[in-house]
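Biologist: I would like to learn how to read a model like this one, feature by feature. Could you walk me through it?

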Amino acid sequence: MLNSIKNSILSASVLSITTLAVVSPSYAANLDLSTWESIGDVSLTSGQATLNSGTLNTAITGGSVGSVEDFLSIPGGSLDPVGSFFGATAGSAIKTTFAGVKAGAVFNFDWSFSSSDSDSAFVTFNDLVVPLTGGSNFSYVFATAGNYHVGISVVDVDDTIGESQLIVRNANFTQVPEPATTLGAIAAFGLSISIKRRFQNKARA
């Protein structure tokens, strides 16, 4: 009976050690959008960013100093949608920098876009421009490690009339666990097995 109780306590201890080692921190963090930089007609709170086009407060496009492209550190014309005639004409954007990103990290947010014409919205990662299309959730997996300038923008296309609005909510960033976490899990599991075997050997003696 005593040995049974001891084995139960030991098993629980081993499980606890292993669980602590294997279940690594998720590294998921909600992003405070109010800390992002902005250009144009933008409203920021901690949980939401509202970007507008087709208003008097938008910024120019084209790549010159003070343009949306210049703000996002991307080449002029990068925000011109495929098939457009005049391309992007004016817009608004927000940006931040993700430092020390590891391969496999994930950036995602919920979004809604309302437009009265052919205006467009984009997400930028350094020089990569990704159009916002389809559903109401955007998710991006970083394929390589490094530092990333991340931007979100909305632009007028082919004209400067017809107001559009992009709303971004629930932005978060999930970093992948350190490789040492997995090695630590293996080491801790091996230690727990060793402790259990020693305890069982003493119990038999």
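Biologist: Which strand does Asp156 lie in?

Modeller: Asp156 belongs to strand β11, which covers residues 146-157. Keep in mind as we go that this is a predicted model.

Biologist: How should I read the burial of Asp156, and how far away is the nearest side chain of opposite charge?

Modeller: The general idea is to check two things: burial, then a charged partner. A residue counts as buried under 20% relative accessible area, and a salt bridge needs a side-chain nitrogen of Lys or Arg within 4 Å of a carboxyl oxygen of Asp or Glu. Asp156 is buried yet lacks a salt bridge, and Arg169, the nearest side chain of opposite charge, is 20 Å away.

Biologist: Which residues is Asp156 in contact with, leaving aside neighbours within four places in sequence?

Modeller: Among them are Ser53, Gly54, Asp119, Ile161 and Gly162, along with Gly87, Ala88, Thr89 and Ala90.

Biologist: What about backbone angles? Where is Asp158, and what is its phi?

Modeller: Here the thing to look for is the sign of phi, together with the residue type. Asp158 is in the loop between β11 and β12, and its phi is positive, about 70°, although Asp158 is not a glycine. With a relative accessible area of 26%, Asp158 is partly exposed. Asn170 is another residue other than glycine with a positive phi, near 55°, but its place is in strand β12.

Biologist: Why does Asn170 count as partly exposed?

Modeller: Asn170 counts as partly exposed because its relative accessibility is 48%, and that class runs between 20% and 50%.

Biologist: Next, sequence distance against spatial distance. How far apart are Ser114 and Ser164 in each?

Modeller: Read the two numbers side by side. Ser114 and Ser164 are 50 residues apart in sequence, and their C-alpha atoms are 5.6 Å apart in space. Ser114 lies in strand β7, residues 106-115. Beyond its sequence neighbours within four places, Ser114 is in contact with Glu163, Ser164 and Gln165. At a relative accessible area of 43%, Ser114 is partly exposed.

Biologist: Is Ala49 buried or exposed?

Modeller: Ala49, in strand β4, counts as buried because its relative accessibility is 0%. Apart from neighbours within four places in sequence, its contacts include Leu33, Leu44, Ile94, Leu166, Ile167 and Val168. The C-alpha atoms of Ala49 and Ala93 are 9.8 Å apart, with their positions 44 residues apart along the chain.

Biologist: And for the chain, what share of contacts joins residues at least 24 apart?

Modeller: Of the contacts between residues at least 6 apart in sequence, 76% join residues at least 24 apart. The chain has 3 helices and 12 strands, and 37% of its 205 residues count as buried.

Biologist: How many aromatic pairs does the structure hold?

Modeller: There are 15 aromatic pairs. To read one, take the distance between ring centres and the angle between planes. Phe98 and Phe107 are 5.3 Å apart centre to centre with 75° between the planes, an edge-to-face pair; both Phe98 and Phe107 are buried. Ring pairs also link these two into a cluster that includes Trp36, Phe109, Phe125, Tyr140 and Phe173.

Biologist: Which charged end sits over the ring of Phe71?

Modeller: That of Lys95, at 4.4 Å from the ring centre.

Notes: Residues are numbered from 1 along each chain as its sequence is written. This is a predicted model: local features need pLDDT of at least 70, side-chain atom pairs count only at pLDDT 80 or more; totals for chains, interfaces and linings use all residues. Side-chain values use heavy atoms; hydrogens and water are left out. Helices (H or I, at least four residues) and strands (E, at least two) are DSSP runs, numbered from the N terminus. Buried means under 20% relative accessible area, exposed over 50%, partly exposed in between (1.4 Å probe, protein chains only). Contact means heavy atoms within 4.5 Å. Rings of Phe, Tyr and Trp (its six-membered ring) pair if their centres lie within 6.5 Å; planes under 30 degrees apart count as stacked, over 60 as edge-to-face and the rest as tilted. A charge sits over a ring if NZ of Lys or CZ of Arg is within 6 Å of the ring centre and within 35 degrees of the ring normal. Lys and Arg count as positive and Asp and Glu as negative; His and the chain ends are not counted.
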